[in-house]
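Here is a short briefing for a first look. Start with the structure itself, then read the points by topic.

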Protein chains: 2
Amino acid sequence: MRTSDKHQKIIQAAIKVLANKGFFNARISDIAKEAQVADGTIYLYFNNKYDILITLFEEEIGKIIVLVKQLIEKETDPKIMLEIFALQHIKMMEEKKELAEVLQVELRQSNKFMKEYRNTKFIEYIDIVSHIIHLGQEKNIFRKDLLPGVAKRAFFGALDEMSRLWILSSSHRYTIEQSANQIVDIFLYGMTEKT
Amino acid sequence: MRTSDKHQKIIQAAIKVLANKGFFNARISDIAKEAQVADGTIYLYFNNKYDILITLFEEEIGKIIVLVKQLIEKETDPKIMLEIFALQHIKMMEEKKELAEVLQVELRQSNKFMKEYRNTKFIEYIDIVSHIIHLGQEKNIFRKDLLPGVAKRAFFGALDEMSRLWILSSSHRYTIEQSANQIVDIFLYGMTEKT
DNA sequence: AAAATATGAATGAAGATTCATTTATTAAAC
DNA sequence: GTTTAATAAATGAATCTTCATTCATATTTT
């Protein structure tokens, strides 16, 4: 039976350790120790060190996608949808600070050292934004000349960079809500002064 | 004498190797080979592996800053300044694809494995944007309610995420100019349809 | 008492760094 | 201007440490 659920225990330990040390500086024995498990036990649940990271990506991003989609499905106004996505994305940073750190740093370089791995879950997450933009265009709320491929990246990138700042610096001038609102506001109405 | 300038040769070799393998998978001997230099020679010019990376950051970002500042100084309209910054940033990606890859990936994780290193050059680069935004506010061209700390990150993040896509994927739907223009346009005027 | 889980010491490969030696460059002496 | 000595630059094989992974053994569960 899986009363102790080692799989989950190891994943959670890995998040903690990887957030602090990064993938290459983290030792398997660090993760084992954090999970209160023997080094060898890890290899009963994962094929190798990479496999821990990949599984972590898939499972944790998967959870986030489910949550965000649920929240958005209830809405019909694409503007509000964007707001929800933004707030949810940045909120995640403080609720799951360590996971966020891992995703920010390791996801970026995973392409580099795991050539074959295509992170479809991550793409699925970003595509939530492009669906919202599409919807907004159909409803005549968003400009028709938006290139959804560019707009989704720009929006996601803005949020993500804001999150990075949030994670990496200790002092915060603005609240998470302020930041998220400001970004959505800029994307909806632009930075130009109405005259 | 420095007719062959090993320092420069090693940096350029490092860019190439790190772009392909990433910092942790790159061996010193790989860099040495690429630079056509003995392994030991590298240690006559750099203290250790980290030192190569840090020096690379400082020197190469430094060059970019000088260039961008030159281009912007000639302008007075903050809108145009933003355009120049955007175009220049994304252009860099194709002109120095390998450098861009290193910056995208390694800069992100450098905080993780070099706790003491504060990348002031990088901050200086991003601050170019916040200066532009400030200027725009003073001139009553940009909204006064913009939080420059958030807006600069959002703008930079949007560009950077776009660049990442450009670097990592091989097929490109839009040109660099299209992408840069679209992003600036969104930031200036928003995504909402004028009705 | 099988079968399934878990352990952690031992193995072996990898690769950053060192340093004794070689080669190239500059200066000095004649 | 040629030979010799001193200094600087470069080499790359050897060293030494650091883990990921394995597996013979032990423990727990059924």
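In the classes used here, Ala, Val, Leu, Ile, Met, Phe, Trp, Tyr, Cys and Pro count as nonpolar, Asp, Glu, Lys and Arg as charged, and the others, Gly among them, as polar. By that scheme, the surface near DNA strand D has 8 nonpolar, 4 polar and 3 charged residues. The model is predicted. Two topics follow: the DNA strand and the interface between the chains.

**DNA strand D**

- Of the 15 residues around DNA strand D, those that come nearest are A:Arg27, A:Ile28, B:Lys6, B:Thr41 and B:Tyr45.
- Sugar or phosphate accounts for 76% of the strand D atoms within 4 Å of the protein, and bases for the rest.
- B:Tyr45 reaches the phosphate: an N or O atom in the side chain of B:Tyr45 is 2.5 Å from a phosphate oxygen of DNA strand D.
- A:Tyr43 has a phosphate partner too, with an N or O atom of the A:Tyr43 side chain 2.7 Å from a phosphate oxygen of strand D.
- B:Gly40 faces a base instead: a polar backbone atom of B:Gly40 is 3.3 Å from a base nitrogen of DNA strand D.
- Helix H3 (39–45) of chain A and helix H3 (39–45) of chain B are the elements that give two or more residues to the surface near strand D.
- H3(B) supplies the largest share of that surface, with 4 residues.

**Chain B against chain A: extent**

- In chain B, 53 residues are in contact with 53 residues of chain A.
- The two chains bury about 5,000 Å² between them, and 59% of this area is on carbon and sulfur atoms.
- On the chain B side, B:Lys112, B:Arg143 and B:Met191 lose the most area to chain A, together 17% of what that side buries.

**Chain B against chain A: contacts and make-up**

- The rule finds 4 salt bridges across the interface of chain B and chain A.
- B:Asp185 forms a salt bridge with A:Arg143, where the closest N and O atoms are 2.2 Å apart.
- Across this interface there are also 19 residue pairs in polar contact, both residues at pLDDT 80 or more.
- Five helices of chain B give two or more residues to the side that touches chain A: H1 (6–21), H5 (78–95), H6 (97–113), H8 (148–168) and H9 (176–189).
- H8(B) gives the most to that side, with 14 residues.
- By class, the side of chain B that touches chain A has 27 nonpolar, 12 polar and 14 charged residues.

Methods. Residues numbered from 1 in each chain as written. Chains lettered and ligands numbered in written order. Predicted model: local features only at pLDDT ≥ 70, side-chain atom pairs only at ≥ 80, totals over all residues. Heavy atoms only, no water. Contact = heavy atoms within 4.5 Å. Buried area = accessible area lost by both parts, 1.4 Å probe. Salt bridge = Lys/Arg side-chain N within 4 Å of Asp/Glu carboxyl O. Polar contact = N/O pair within 3.5 Å; in protein donor to acceptor, adjacent residues only side chain to side chain. Near = heavy atom within 4 Å.
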